[in-house]
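User: I'd like to learn how to read this model piece by piece. Could you walk me through it?

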Amino acid sequence: MAKKLIAAIVGPGNIGTDLMIKIQRNSEKFDLQYMVGVQESEGLKRAREAGLKASAEGVEWLLKQEPKPDVVFEATSAKAHEYNAPLYKEAGIRAIDLTPAAIGPYMCPAVGLDNLGDMDNVNMITCGGQATTPIVHAVSSVAEVEYAEIVASIASLSAGPGTRANIDEFTETTSKALEVIGGAKKGKAIIILNPVEPPMLMRNTVYCSLPAEAGVPGELQDKIREAIKKRVEEVQEYVPGYHLTSEPQFDEARDDWNGWARVTVLIEVKGAADYLPEYAGNLDIITSAAVATADRLAEIIEA
């Protein structure tokens, strides 16, 4: 059996804690040794109980450890990763970034992982990006997507301080990913923190503007439906709670849409409840995507 890569998690909040549980339970390719924060917290306490070396002394402490990690999972904030990324690079540590910092290339496991070996820092976009860019990419693989707009609605209780502090970065990074990963000519992203009780599951609405032909039942609509169905199955391989809530809905071309037709895709994400409640599918999908990305990276390094 190949030697396991040493991993560290920077950021002991909800995302970092969920990551810890997923890596220890599901990944056979990583030896998770470190958890790092900047103040004592429940997450660091849990990490110590799980057998990790945990410190509230920040990344500087981590870089002094021996052995150093091969891979760091960044679960802090966009601004923190902007500071930490050069430190990882100088130390020869690969970074999987779960913040919206977007320093490294965007990464979505369902769209493509084969070029990971040449990257020292990859960005997991955002929770909304992981839920919606695969769908936009599926549609754009069949038909031209002039414009893609997504609305990610999450339970307010599942949005911690990091998410709330990064709303602007969320919209900017997700919008760009709809273009770079999704293949849309223009992308726009909106996030809604819904305080409804009991908390709702994560729901995502994807709108794609398409050529007029797509608004009429026929071969093109069939191809789009099939591409979406296949892509949902691919995401479900690492996020079992990811599913459509209805069949894709097509609208005929309209003058006020500049002659474009439209497809609407409705997605719900139920969390695996490894650490967080089932309604926190927004956190589950990005941690699951990060682990899937890391596992593929390990395979490339081993080859």
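Analyst: Let's start with a term: buried means under 20% relative accessible area, exposed means over 50%, and partly exposed is in between (1.4 Å probe, protein chains only). This is a predicted model, where local features need pLDDT of at least 70 and side-chain atom pairs count only at pLDDT 80 or more, while totals for chains, interfaces and linings use all residues. Residues are numbered from 1 along each chain as its sequence is written, and side-chain values use heavy atoms, with hydrogens and water left out.

User: Then is Arg94 buried, exposed or partly exposed?

Analyst: Arg94 has a relative accessible area of 22%, so it counts as partly exposed. Arg94 sits in strand E5; strands (E, at least two residues) and helices (H or I, at least four) are DSSP runs, numbered from the N terminus.

User: Which residues does Arg94 touch?

Analyst: Contact means heavy atoms within 4.5 Å. Not counting residues up to four places away in sequence, Arg94 touches a list of residues including Asp70, Val71, Leu116, Asp120, Leu297 and Ile301. For a long-range view, take Ala294: it is 200 residues from Arg94 in sequence, yet the C-alpha atoms are 10.0 Å apart in space.

User: How do I read the sheet around there?

Analyst: Strands of a sheet pair through backbone hydrogen bonds, either parallel or antiparallel. Here, two strands pair if DSSP finds at least two bridges between them. The case at hand is an open sheet of six strands in the order E3-E2-E1-E4-E5-E6, with parallel pairing. Strands E3 (53-55) and E6 (121-123) are at the edges with a single partner strand each, so one side of each has no neighbour in the sheet. On average, neighbouring strands of this sheet are turned by 20 degrees against each other, direction ignored.

User: Which residue stands opposite Arg94 in the pairing of E4 with E5?

Analyst: That's Val71. Strands E4 (residues 71-74) and E5 (residues 94-97) run parallel and are joined by four bridges.

User: And how many residues of E1 are buried?

Analyst: Six of its six, so E1 is mostly covered. Leu5, Ala7 and Ile9 point one way, Ile6, Ala8 and Val10 the other, and all are buried. E1 also pairs with strand E2 (residues 30-36) in the parallel sense over six bridges, with Ile6 opposite Asp31.

User: What does UniProt list as "active site"?

Analyst: The unreviewed UniProt entry lists Cys127. UniProt positions are given in the numbering used here, feature names are shortened, and annotations may be inferred rather than shown by experiment. Cys127 lies in helix H5 (residues 127-140) and, at 10% relative accessibility, counts as buried. Leaving aside neighbours within four places in sequence, Cys127 is in contact with Phe170, Met202, Asn282, Ile285 and Ile286.

User: How do I read the packing of H5 with helix H9?

Analyst: Two packed helices are described by the angle between their axes and the distance between the axes. The axes of H5 and H9 (residues 281-302) come within 7 Å and cross at roughly 75 degrees. That makes H5 roughly perpendicular to H9; angles of 65 to 115 degrees count as roughly perpendicular, under 35 as roughly parallel, over 145 as roughly antiparallel and the rest as oblique. The contact is made by Cys127, Gln130 and Ala131 of H5 and by Asn282, Ile285, Ile286 and Ala289 of H9.

Note on methods
Axes fitted to C-alpha atoms, helices over the stretch in contact; angles between N-to-C directions.
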